[in-house]
Structures are given as C-alpha cells and as structure tokens.
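User: Please take a close look at the nonpolar interior of this protein, and then set that part in the context of the rest of the model.

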Amino acid sequence: MSGTPEGPAPPADGTPRAVTERCSRDAQGGTGAPGEPGSRGGRSGGGAEPSEGSDARDGEPHSTNAPHPYGPPGDAYLHGARPERSEYPGNEGDRAPLDRASAQVDRASAPSGPAGPAVAPPPADPPTAHPGPAHRPAGNQPSAARPSPDRTGATGPRSGASCAHWAAFAAAPVALAVVDGAGLVATANSAFTDLFGTGGGAPVGRPAADLVDLTSDSRIWHAYREVLRGRSGRLRCTRRLKHPDGHSLWAQITIAPLTGRQDSGKDSGDDPARKPAKGPEGTAGSAAPAALLSVSDITARRELQARLRHLEMHDPVTRLPNRTLFFERLTAALEAGSYDAYEPPAPHAPGTSPAPTSRPAPACGQRPSPSSPPFHPLFNACGRHREAGTGRVGLCVLGLDGFKAVNDTLGHRIGDLLLAAVADRLTHCAEQAGLGRAATTPLVARLGGDEFALLVEDSTGTEQVADLAESVLRSLQKPFDLSGQRLSVSASIGVVERRAAGTTATALMQAADTTLYYAKADGKGRWTLFDPERNAHRMTRQALSSTLRPAVERGEFMLEYQPLVRLEDGGLRGVEALVRWQHPQFGTLTPNRFIGLAEEDGSIVQLGRWILQTACRQARQWQIDHPDVPPVYVSVNVAVRQVWDSDLVADVAEILAETGLAPRLLQLELTESAVMGSAGRPLQALQALSDMGVRIAIDDFGTGYSNLAYLSRLPVSVLKLDGSFVRGFRFDDEAHPNPADEVIVEALVQLAHRLGLTVTAECVETSGQADRLRRIGCDTAQGWLYSRAVRAERIPELLVTGACPRA
C-alpha cells in the first residue's frame, strides 16, 4: 500500500504483529528480563513501524478481521488483573496500544448468534516469536497454548487463570458482555447473544445502550456515561426489554467498570486519540474495554412482586382496592388536579428550543423507567401536555345501615357474601357513571368494615357526584339473594365535592366521614351533602372536648348566680350556680356548649366537684359578710355520671365540713331522667343526702318520661317546672290566655303541694307570666324578669334589699 513505511511484514496468517508477539510470549510463558528473548519487557525482532490505517501515536495497526490465536486479548479486564508496565512492548507506561488491539480482536473473535458473522478458526500452529525455553514454565508448552473454539465460537486461552476466567465468562448462564469506551459491545457470551442476537444480528459491535434501553432516561444515560469514563463505580437499573421473539421481559442491568484501566477518568469522546476508528468494513474501531455489562432476567420476580402488591393493595373479601391503594389514588388525583387550572405552555417559535423543564420526558411510546420519579402532573408519559381537567374531585363515602346485625344473626359468612354483592353493585354503578364521560371511571374501594368509597376524579360539579350517590342508593334497594337468604339493606352516603387545589387527602376524608355521620344521624338510607357550617360546629365541639380536662386544671371556669325569687312577695329565696367557661379562643361559653361533652368523656366528675366546692364556699362567705340578713340557699346542678362515677355523698359531706355551710342551705338539682326509675346506688345516695339535710330538686320536670309513682318514693323536696310550660303562657292578648297551658301547670303545682313539695318555675320573662304563676300557686320563680345570671359580687346588693328588681 502506498505511503506505508517500510518495516517488518506481518505474519502470514494476517495476525497483527504486536498481537502475535504478545500471544507468543504468553504461550511460552516468557518471564525473562527486559531485552532478553522471551521476556515481556523487551522488543524482540525490532519494532513495527506505523502503516496506513494505524494510529500514528501508538504505532499499532487497526485490524478488525484477524483472528486472535490466544483468545480475547482483553480477558485480563474480566478478572481484574492489572499487568505491569513492562508487559507492554516499546512504549512503557502507555497500555493504550494493546488495549485497542485487544478490543478490536475481541470484536473479531467474539461469539455470535445464528445471524452473527462467522468467526475465523484459529491457526493450526500459533507463531512463536523468540522462544525462551529456559523461561517457559512447565506445562505451558506451545501445544498447550493453542486456542480452541468454545461453544460460542469465541476462542479462549488454555493456560492458567486466563483460561479459567474466559471459560467462566463464556459459560455463565447470565448474559454478559464487555463494552468498550465507545459504548459498543466488544465481546459477549452465548447467553447475551441468545438474548439480543436473534433477528437484529449479532450484538457484537452494536451500541450497548440501545440493546438494554439506557437512552430513554436521562439520569440513567448520564450515569452510564460516567461508568464508561471511569468516574463511577457501578450502575444498576431495571428496564423492560423486548425479546427478539416478540415477548417483553424485565431485566436488571448492571454495568461495572473493568478494573486495571489506566485511562480511568477519560472518555473516548474527550480524547481524539481514543475515538473509535473505522475498520475496513465500517465496523467500530479500537476503543479499549471499559465496562462489564450483565443482564439478569427478573420477569418472574417482578410478576411475583406484582402479585404480592395486588394482595397487599386489595381487599380479600370484595377484591376491591383497599384503604391503602385508595389513599394512593386519592393523593395522586389531588396532586394532578392542582395543576389543571394552569394553561398549557405556549408552543415555541420555529427554529427555537422549548422552555427547559425539570427533566426531559421519555420519547413518545417509551415507558418511563420504574427507577425514575413520576413526571410532572402537567405532562403525560409521552412528555406532551395532558388534557386539562376540571381541577375538581368528588368523593362518596358509603356505610351500610345495620350491618352489624347481619353478622350477629346470620354469621360472618353471610356478612362477607353481602359485602361482595354490594361491591359488585357499586362497581356496576361506577362503570355506568363513567360511560360517555371524558373523565375516568370512578374508583370503588373498601375502606374497612361496611364502609366503601367512590372517588370521582375531574368531577364536573356537585350534581355529578350527587347523581352517583343517588344511583348507588337505588341499586342497593333491590334485595340480595345470598345462599338461600334474602336480605334487604340500606346505606347512608356522605358526599363531598370541591376543588383539588388547596385540599389534602386527610381533609377530604375527614369531611366525607363527618358527612356520613350526619347522614346516619338524619335518619339513614339517604345521602347528605357536606355542610361547612355543620362541620365547623362539629370541629368546635371536638376542640372543646379535647381541651376540657386541662381547662379545669388551669382554672378557666367561673360561676355566675341567678336569683330564685318568692312569687308571693318578690323576696330573694336562693341562687342557682351556673358555670361559665372562659375559653381562650372561643370566649365565654354557657353550660349548654360543654356540659354534654363533659358528661361524655367523664370530666364532669372533676368539674362538678369544683362547682360544688366553689358554690358552697361562696354561699358561706355571703353568710359571714352579712350576718344580719337571712341566709339564702345555693342550688347546684349534679350530673348523673357524678352519682355513678364518684362518691357523691362523701364529697358533699367533705365540702360542707370544709366550708362550714349548713346542709339545709345546699340544694342539689338532678334531671328527671336521672331520678325517675332510680334504684340501687343512685337511690341510696339521694336518700343519704336527704338524711344529711341537703335539699333534692328534680330539674326540668315534665319533659321526660315522668313516672308519678316515683314521686312518693324519692327523697325529693322541690320540683322545677321546665321552661317550655312557662313559655306557653305567652299570648298576644292578655285578656285571652291559653287555658290548656294554665290547666297543666295548675295540675302539676297542686300535685306537688299534695306531696309536700315546693314548685319553682323557670324562664319567667314577663310580668304576665309571673302573675299567672302566682294565681296558680307556684312558690318560686327565676328568669330574666328578675335578673340574669350575675357574678358573685352582685349578690350582696340583692341580699341587702331583700328583693330583686324587675327587669
């Protein structure tokens, strides 16, 4: 060839001289000193001059067609051996020439599949340059160094550790391949060839990133390039690949750098001398081996994981998504809906690039990598702008009415069958609701027990969600036939519909659960729409309940007193202690806001004892401050739970002894429902208090299930008529009173007097009411006509005057 410098001719078999010399020395096991025949450090027979097509820097030829008589020369990289510098002829300290020679011979001798190129057979007699019999190890004769083709068609060494490592590489059941610095497959074992070599040709010489789909994800692609440059230790990812026979498989890709490289930190694209050259046939050039690529089929493991996740995320009875999967979908729907109010990005002008995003999306039709985070909700899997939704979300939470009775009477087996049948009907309703709409079919899930949920993404408004709830109720009205049992059930549904932006999954579920509670409280068998005001009241109630006990300890309560006046002369007879809560957030609260809560959580015992102690101490203080004024009694309300959960008799006796108040100046008020029908401990406690001298009054008499027979058995001193009787005395014309109300009140008063009881009327607000009560014979009264509840400092004024001014 013209322009080629003269030099020693290559061997007759076409093998590059540098490779032939190395193979001969390796076959002979040369270990002599540099410069001696057979030694690795000398240049025996003179150096080869650069020829046309060779790298001028290295002086090594670029041949991609010559077979390697010693097997793949890059096998040292496979088992991590790092040769000494003296191993490289000529240019000590630069192993790049042998690297490229190894890489190109690797591609020539690599195994190929059925459609791959034929591999040239090894020569009959490998050349032996500068034999060194004195340095040749025993058992490593030239005949033993003759390469033999393995089962993949690639040749391998038959000596020492190289032969063992090459045999392990070729026979490994895992798909393995050596990738050069240019990203091309330099050599591969049979498993790799079987996986990627059918149909598309042999994998040798093809880009490894294309074979295992590393280019569709920018992060993985960057990490892969870092491994090839030697800047990263290892890359591991999971990809979904297309098998040549047509089916898909999941594969775990591992790319590890080959140890012992001196060009670590360099990339073939960074150094022009390292760029792959083109061979005679257009094949890749001589980039050095850079990484080991392994591909493991994990399809079975992924399928098992999918089955396990399905079991984890679905209810075993109804086979619907369970609470965990429902919250995942709900959270995703809220996050996606938060972006629907934004307009799509404006198209960029021709010839310009679009505005950069947080990261590039995969190409259209390419599945996103499982290892990559989810894409921005504004874009779909193809990177295109998703169709704008309504930005709203609807939720129906359903609870079966009386489901516990089904389990208790018919057994859990029938209960499970009923739940499965209800799930089928809910699924059918959801499918019907999804027909003809742009939005997806509502998601049906079982939250637990007899509660189900229907999630409507991109809802069009309250009407759509309400229609879904109505269709569900109609569907459940039909009887169920379950193993010979015919059952009819009803359901209550809480409906919530709002904008996705600004709300959370927890807040949405809380609103739906509260609304379901309202639907059951309103009569069951219906759906109820979320009411913000009603929910605010419930939230306030919960807030009060959670802070009630600490409030007693912090002293946030106070007492006000409302006078009890004799109707005969208007004189002050006593006072009723009324508790107030000075709440730091909601201000002053009246008893009807928190007494019921205190009875529910049991804090009424602690609060009631504080009220009793404070009222008795105050009444005794009035008596001490005004000894010349007839003392007045103090009336304290007592809850039923105080009688049951505490020793009320002992508490009263201790407080009276501590304060010095006479028992006759203490009146305890109990509701009619608490006193009527009392037996056992409550009755004994009331009798003990009466024997002590404490007055017992029945509060709100006439509103409960009055059992008049008990009035003669209970140690009661006073009956307090409920305010509803007194309010019935109101009329537009004073000359025409309501005779029915007057007859009822008169009968109650006469009955009490016949039993030796006094009667107190509540809620007296007008002088007309007071006059009628006086004519009937009522003893005392209280209400705004005389005075509102006032602080303790105002009561001495009333004690001095002896009468209450009329409002």
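Analyst: What follows begins with the interior and then moves outward to the surface, the charged pairs and the confidence of the prediction.

The model is a predicted one, and its secondary structure comes to 24 helices and 23 strands. Of the 807 residues in the protein, 47% are buried. When contacts between residues at least 6 apart in sequence are considered, 67% of them join residues at least 24 apart.

The part you ask about is best approached through the largest nonpolar core, which has 52 residues. Those with the most contacts inside this core are Phe-557, Tyr-561, Val-634, Val-636, Val-652, Leu-666 and Leu-668. Helix H16, which spans residues 604–625, gives the most to the core, with eight residues. Apart from this core lies another, of 32 residues, which includes Val-406, Ala-423, Val-456 and Leu-468. As a general background, nonpolar side chains in soluble globular proteins tend to be buried together.

Leu-668 can serve as a worked example of the packing. Leaving aside residues up to four places away in sequence, Leu-668 touches Leu-612, Val-636, Val-638, Val-652, Leu-689, Val-694, Arg-695, Ile-696 and Ala-697. Two of these partners, Val-636 and Val-652, are themselves listed among the residues with the most contacts inside the largest core.

Turning to the outside, the protein exposes about 38500 Å², and carbon and sulfur atoms supply 52% of that area. Leu-304, Leu-308 and Leu-311 make a nonpolar surface patch of about 310 Å². Leu-311 has its place in helix H8, residues 299–313, and counts as exposed because its relative accessibility is 64%, where the cut-off for exposed is over 50%.

Helix H8 also takes part in a charged contact, since Arg-309 in helix H8 is paired with Glu-328 in helix H9 (residues 323–337), 19 residues apart, a link between distant parts of the chain. The closest N and O atoms of this salt bridge are 2.9 Å apart. Glu-328 counts as partly exposed, at 38% relative accessibility, and Arg-309 is likewise partly exposed, at 38%.

Other salt bridges are formed within a single helix. Glu-226 and Arg-229 meet through their side chains at 3.2 Å, N to O; both lie in helix H7 (residues 218–229), three residues apart, or about one turn of the helix, and both are buried. The side chains of Asp-771 and Arg-774 form a salt bridge at 2.7 Å, N to O, with both residues in helix H23 (residues 767–776) and three residues apart, about one turn of the helix. Here Asp-771 is partly exposed, with a relative accessible area of 30%, and Arg-774 is partly exposed, with a relative accessible area of 30%. In addition, Glu-576, Glu-669, Lys-720 and Glu-762 are linked in a network of salt bridges, and the count of salt bridges comes to 26.

The confidence of the prediction sets limits on this reading. The mean pLDDT of the protein is 73, and 65% of its residues reach 70 or more. Over residues 261–286 the pLDDT is below 50, although the model has 59 contacts for this stretch beyond near neighbours in sequence. Over residues 341–386 the pLDDT stays under 50, and the model has 59 contacts there beyond four places in sequence. Where pLDDT is low, the predicted coordinates should not be read in detail.

Note on methods: Residues numbered from 1 in each chain as written. Predicted model: local features only at pLDDT ≥ 70, side-chain atom pairs only at ≥ 80, totals over all residues. Heavy atoms only, no water. Helix = DSSP H or I, 4+ residues; strand = E, 2+ residues; numbered from the N terminus. Buried < 20%, exposed > 50% of the residue type's maximum accessible area, 1.4 Å probe, protein only. Contact = heavy atoms within 4.5 Å. Areas by Shrake-Rupley, 256 points an atom, 1.4 Å probe, with all protein chains shown as cover. Patch = residues over 30% accessible without salt bridge, like charges linked within 9 Å, V, L, I, M, F, W, Y side chains within 5 Å. Salt bridge = Lys/Arg side-chain N within 4 Å of Asp/Glu carboxyl O. Core = buried A, V, L, I, M, F, W, Y, C linked by side-chain atoms within 4.5 Å. pLDDT = per-residue confidence, 0-100.
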